[in-house]
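Visitor: I am new to this structure and would like to learn how to read it. Could we go through some of its features one at a time?

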Amino acid sequence: MTTREFDDVTLERVREHVWEIAREGGMEVPARVLASEALLEEIGEDDSLQQLKNAAHLPGMTKYALAMPDAHQGYGFPVGGVGAIDAEDGCISPGAVGFDINCGVRMLRTPLTYDDVRGREEELVDALFDAVPSGLGGGGVVEGSRDAVEGALERGVEWAVEQGYATDADLKHCEDEGRRPDAKPEYVSKKAKDRGMNQMGSLGSGNHFLEVQRVTDTFDDDVADAYGLREGEIVVLIHCGSRGLGHQICSNYVRKIEQEHGDLLDRLPDKDLAAAPAGSQLAEEYYGAMCAAVNFAWVNRQLITHRTRETLADVFDAVDGDDVELLYDVAHNIAKRESHDVDGEDRELFVHRKGATRAFPAGREEVPAAYRDVGQPVIIPGSMGAGSYVLKGGDRSLEETFGSTAHGAGRLMSRTQAKQEFWGGDVQDDLAEQEHIYVKANSGATIAEEAPGVYKDVDEVVRVSDELGIGDKVARTFPVCNIKG
DNA sequence: ATGTTC
């Protein structure tokens, strides 16, 4: 038996890429880390393993508290964490969803090839940077209004279709078809709505970006064909979330829940895990507000899609906008009521995925019709120097991870440390000169914080997902140009 | 992640 120890946390190797932390003290269940030995060494360097043990204390946690191969420490609950919590007897925890509610990624297919774009990267990156609002603060693709915010919160991408910013095909190629019917905008504070109002269609800052990429490899021809991906073709990846609106909702409910449910909080090892008991008023309110923020984030990515279509049509004669198609949009900071088989019993669970992506296999009803025979697309962005992957939901994901896999490469170091190690201008120059990747950002500090060296190896993260059978490799992309906050 | 410290 192989054992690894990091500070107070002991892990036993269950089998290849599966490590278990035994149940002890107030833990409801054991915890599991899905990682290669090399990734486990990196995960063990920050507080994420202790946070995972803490997460296993949440009442109603089912089977295991789980860490994906890209895990790193977060607020209370690790990023790259999955917690499936009983929706009748358990709880819901804003810290296990994350501050940026429905942070996620979507991939657009274009009719362009790398040959069309080569030599015009700087023109393209300038045009996109001018067209897509980015950075902290206000300003979006559309001028926000009270009605626009309410429409987005209530109806998600359906609102965008009504307004002419989305097509019916966009709806069909989005997780939850772009709308959470459980949204309750009345539980979103005025302050949150005010923050969101002038941010409708904006990237934000931090690790958020819009990246033009070329498909470099396909690993599964049948599935790549079903997803419409071919080597040499240009795709666009959009990574952003619910901006100040989601952040405000999370802050509001963490505070309310701490005040109202101190008894539950006293049983938890970290107050940042504050959770509302299932069936309580605050659980209903947070879930309704969170679902509304989910809708808002989908609209946000949709408005950026709209502006991207216009920009590509402006820059390239061969593009008219309608031919830029949404492949899929996935959320990776989210909680959702889902039914799962647990030891032969059908259970209703709040599946919290914080920095984790739903990865449902073929056949599951939530997978859109276009992909139901092959499994849902899973989009795993790497760093701006590394490229990204498209996976398909794996056949073992329901059994191993409540239908989940990783969400990205995962950070290796804090933003503060990153700025000590890297200088944004140098990172930018090196990428252009050595890799022909053109990056444009509002701030050099952001480039330093997001330098390729700040991230784990996305190839290794994806290898583990693929070998575990929770998310299987379909295609790989490489960056062409990237705009950031 | 975030009107980058309620």
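Visitor: Which residues does Q248 touch, not counting residues up to four places away in sequence?

Guide: A word on the source first: this is a predicted model. Q248 touches S189, K191, A192 and R195, once residues up to four places away in sequence are set aside. Q248 itself is found in helix α10.

Visitor: Is Q248 buried or exposed?

Guide: The cut-off for buried is under 20% relative accessible area. Q248 has 8% relative accessibility, so it counts as buried.

Visitor: Which helices each supply at least two residues of the surface near DNA strand B?

Guide: They are α8, residues 190–197, and α10, residues 243–260. The largest share comes from α10, with three residues.

Visitor: Which residues come nearest to DNA strand B?

Guide: There are 15 residues around the strand, and L136, R195, G206, N207 and R415 come nearest. R195 is also one of the residues that Q248 touches.

Visitor: How does the surface near DNA strand B divide by class?

Guide: Eight of its residues are polar, five are charged and two are nonpolar. On the DNA side, take the atoms of strand B within 4 Å of the protein: 50% belong to sugar or phosphate, and the rest to bases.

Visitor: Which part of DNA strand B does a polar side-chain atom of R415 lie 2.5 Å from?

Guide: For R415 the partner is a phosphate oxygen. Q199 can be read alongside it: an N or O atom in its side chain is 2.8 Å from a phosphate oxygen of DNA strand B. With H247 the partner is a base nitrogen of DNA strand B, 3.4 Å from a polar side-chain atom of the residue.

Visitor: Now to helix packing. What describes two packed helices?

Guide: Two values are used, the angle between the axes of the helices and the distance between those axes. Here, helix α4 (residues 121–131) packs against helix α12 (residues 281–315) at an angle of about 145°, and the axes are 10 Å apart. The crossing of α4 past α12 is right-handed.

Visitor: Which residues meet where α4 packs on α12?

Guide: From α4 come E123, L124, A127, L128 and A131, and from α12 come R307, T308, T311, L312 and V315. By class, six residues of this contact are nonpolar, two are polar and two are charged.

Visitor: Which residues of α4 are buried?

Guide: The buried residues are E121, L124, V125, L128, F129 and A131. They pack against α12, and also against α3 (114–117), β9, β19 (438–441) and β20 (471–484).

Visitor: Why is helix α2 largely enclosed by the rest of the structure?

Guide: One counts the buried residues. In α2, residues 48–55, seven of the eight are buried, so the helix is largely enclosed by the rest of the structure. The buried ones are S48, L49, Q51, L52, K53, N54 and A55. Their cover includes the strands β1 (3–6), β2 (9–15), β3 (18–21), β4 (31–34) and β5 (65–72), together with helix α1 (37–43).

Visitor: What is Q51 in contact with, leaving aside its neighbours within four places in sequence?

Guide: Q51 is in contact with Q73, G74, G76, F77 and P78. Its relative accessibility is 8%, so Q51 counts as buried.

Visitor: Where is D217 placed?

Guide: D217 is in strand β9, residues 209–218. With a relative accessible area of 31%, D217 is partly exposed. Its side chain makes a polar contact of 2.8 Å with the side chain of T216. Beyond its neighbours within four places in sequence, D217 is in contact with E231, V474, A475 and R476.

Visitor: Which loop holds K63?

Guide: K63 lies in the loop between α2 and β5. Its phi is near 65°, a positive value in a residue other than glycine. K63 is partly exposed, with a relative accessible area of 24%. D343 is not a glycine either, and it has a positive phi of about 50°.

Visitor: Is D343 buried or exposed?

Guide: D343 counts as exposed, at 73% relative accessibility. It lies in the loop between β13 (333–342) and β14 (345–354).

Notes
Residues numbered from 1 in each chain as written. Chains lettered and ligands numbered in written order. Predicted model: local features only at pLDDT ≥ 70, side-chain atom pairs only at ≥ 80, totals over all residues. Heavy atoms only, no water. Axes fitted to C-alpha atoms, helices over the stretch in contact; angles between N-to-C directions. Helix = DSSP H or I, 4+ residues; strand = E, 2+ residues; numbered from the N terminus. Left-handed = near helix turned anticlockwise from the far one by under 90°. Contact = heavy atoms within 4.5 Å. Nonpolar A, V, L, I, M, F, W, Y, C, P; charged D, E, K, R; others polar. Buried < 20%, exposed > 50% of the residue type's maximum accessible area, 1.4 Å probe, protein only. Near = heavy atom within 4 Å. Polar contact = N/O pair within 3.5 Å; in protein donor to acceptor, adjacent residues only side chain to side chain.
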